[in-house]
Structure formats: C-alpha cells, structure tokens
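Please look through the structure shown below before reading on, and keep it open beside the text. The briefing that follows goes through a few groups of side chains, one topic at a time.

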Amino acid sequence: MRDNFLKSRAVDAAVATIQRGEFVDYGKAAKHFKCSRTAISRHVRGLTKTKREANSFWHQCLTIEQEEVLIDRINYLTDQSMPPTSHIVRNLAEEIRGGPVRKNWVGQFVKRYGIRLKSLYLRNIDNLRTGAEYALMFQLFFSVVCYFITVISRVYL
C-alpha cells in the first residue's frame, strides 16, 4: 500500500516536471523519478488520473472542485451567523451533485475537511467528543440566538 502511494507520488512529480517543461523525454523523467515511463505517458495523455482524482471520482460523491464550493458555502454561511447543521450540508451537497449522497457522507466529509470548516455545529458529528468541545458550541449558539432576538426586537418593536 505504501509502495503504491510512493509510486503514485513519483509519477505525479514526473508529470508536473514534464508539464513545466523541465523534461521533454518521458524516459528521462521516469529514470530521474524512478517510476514507469508508461505510467507517465498514460497520465500525460489523460488515460489515467492521480490517486486523489480517482478517489474523488469513484469513492466520494462530489468531485474535488464541488467539495471546494461546498466548503466555501459552509464557511460563508458561518461568517453570516448562520452556521449550517449536518442536515443543511447534506441538502447543499445533494443540490450541488444533483442527486442523493450516501448515508454517512456528511460525517466523512467533515472528517476530511474538519480543519478548514468554520462551523462548530458540524463538529458534533465526530465520535470523539469531550465536554470542553461543547463550550464553544454553546457560546456560538447563544450568541446567534441573542443576535436574532435583538434583530427581531428592533424590527417588531
């Protein structure tokens, strides 16, 4: 498994140098990066994909670009004081995809991109919960509720 990962990285590095123009000959690039010339050739011609692209295509419901759009949307909603719940994220993903996502897709998405997501509400999906994590979530919830109460009271009073 680790060996396949290293081979994939070597092929990716070789393809990147060929695309930058540092190597013209696939054989020389293969020799320099210690990988298969055929693998480089097939990748440059578009017959094969990187491991990340293949995983995105076959195992994830959204492509890498679609997931980036979803991350931006989640962070935008959080910045607007409307942090999405896992149900909202599921609905956004299904709208972007144009079809349903799998049962545990939201949890796996949060696990993959948890560091980049600003929403604290999505962190409760993680099974490794501690009491200290909830303090921030409660503070955020009550600050959002107080904000909406002040806005509503200004409008209706």
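What separates Phe109 and Tyr113 in helix H7? The two residues are four places apart in helix H7, which covers residues 105-113, so about one helical turn lies between them. Please keep in mind that this is a predicted model, and that the values below are computed from it.

**Aromatic rings**

- A pair of aromatic rings is described by the distance of the centres and the angle of the planes.
- The structure holds five aromatic pairs, and one of them joins Phe109 and Tyr113, whose ring centres are 5.2 Å apart and whose planes stand at 50°.
- This pair counts as tilted because its angle of 50° falls between the cut-offs, which are under 30 degrees for stacked and over 60 for edge-to-face.
- Both Phe109 and Tyr113 are buried, and ring pairs link these two residues with Trp105 into a cluster.
- Another aromatic pair is formed by Phe141 and Phe142, with 5.2 Å from centre to centre and 75° between the planes, and this pair is edge-to-face.
- Phe141 has a relative accessible area of 37%, and is therefore described as partly exposed.

**Salt bridges**

- Side chains of opposite charge can pair when their charged atoms come close, and the structure holds five salt bridges, three of which are described here, namely those of Arg20, Glu67 and Asp79.
- Arg20 forms a salt bridge with Glu22, and the closest N and O atoms of this pair are 2.8 Å apart.
- Arg20 is exposed at a relative accessible area of 55%, and Glu22 likewise counts as exposed, with a relative accessibility of 52%.
- Glu67 forms a salt bridge with Arg112, in which the closest N and O atoms are 2.7 Å apart.
- This pair links distant parts of the chain, since Glu67 belongs to helix H5 (residues 64-79) and Arg112 to helix H7, with their positions 45 residues apart in the numbering.
- Glu67 counts as buried at 0% relative accessibility, whereas Arg112 is partly exposed at 35%.
- Asp79 forms a salt bridge with Lys118, where the closest N and O atoms are 3.0 Å apart.
- Here too the pair links distant parts of the chain, with Asp79 in helix H5 and Lys118 in the loop between H7 and H8, 39 residues apart.
- Asp79 is partly exposed, with a relative accessible area of 47%, and Lys118 is also partly exposed, with a value of 43%.

**Surroundings of Thr78**

- Is Thr78, a residue of helix H5, buried or exposed? Its relative accessible area is 15%, and Thr78 is therefore buried, as the cut-off for that term is under 20%.
- A polar atom of the Thr78 side chain lies 2.8 Å from the backbone oxygen of Ile74.
- When its neighbours within four places in sequence are left aside, Thr78 is in contact with Pro83, Pro84, Lys118 and Ser119, and Lys118 is the residue that forms a salt bridge with Asp79.

**A nonpolar patch on the surface**

- Met82, Tyr147, Phe148, Ile152, Val155 and Tyr156 form a nonpolar patch on the surface, and together they have about 670 Å² of accessible area.
- Tyr156, one of the residues in this patch, lies in helix H8, which covers residues 131-156.
- With a relative accessibility of 67%, Tyr156 counts as exposed, because the cut-off for that term is over 50%.

Methods
Residues numbered from 1 in each chain as written. Predicted model: local features only at pLDDT ≥ 70, side-chain atom pairs only at ≥ 80, totals over all residues. Heavy atoms only, no water. Phe/Tyr/Trp six-rings, centres within 6.5 Å; stacked < 30°, edge-to-face > 60°. Buried < 20%, exposed > 50% of the residue type's maximum accessible area, 1.4 Å probe, protein only. Patch = residues over 30% accessible without salt bridge, like charges linked within 9 Å, V, L, I, M, F, W, Y side chains within 5 Å. Areas by Shrake-Rupley, 256 points an atom, 1.4 Å probe, with all protein chains shown as cover. Salt bridge = Lys/Arg side-chain N within 4 Å of Asp/Glu carboxyl O. Polar contact = N/O pair within 3.5 Å; in protein donor to acceptor, adjacent residues only side chain to side chain. Contact = heavy atoms within 4.5 Å.
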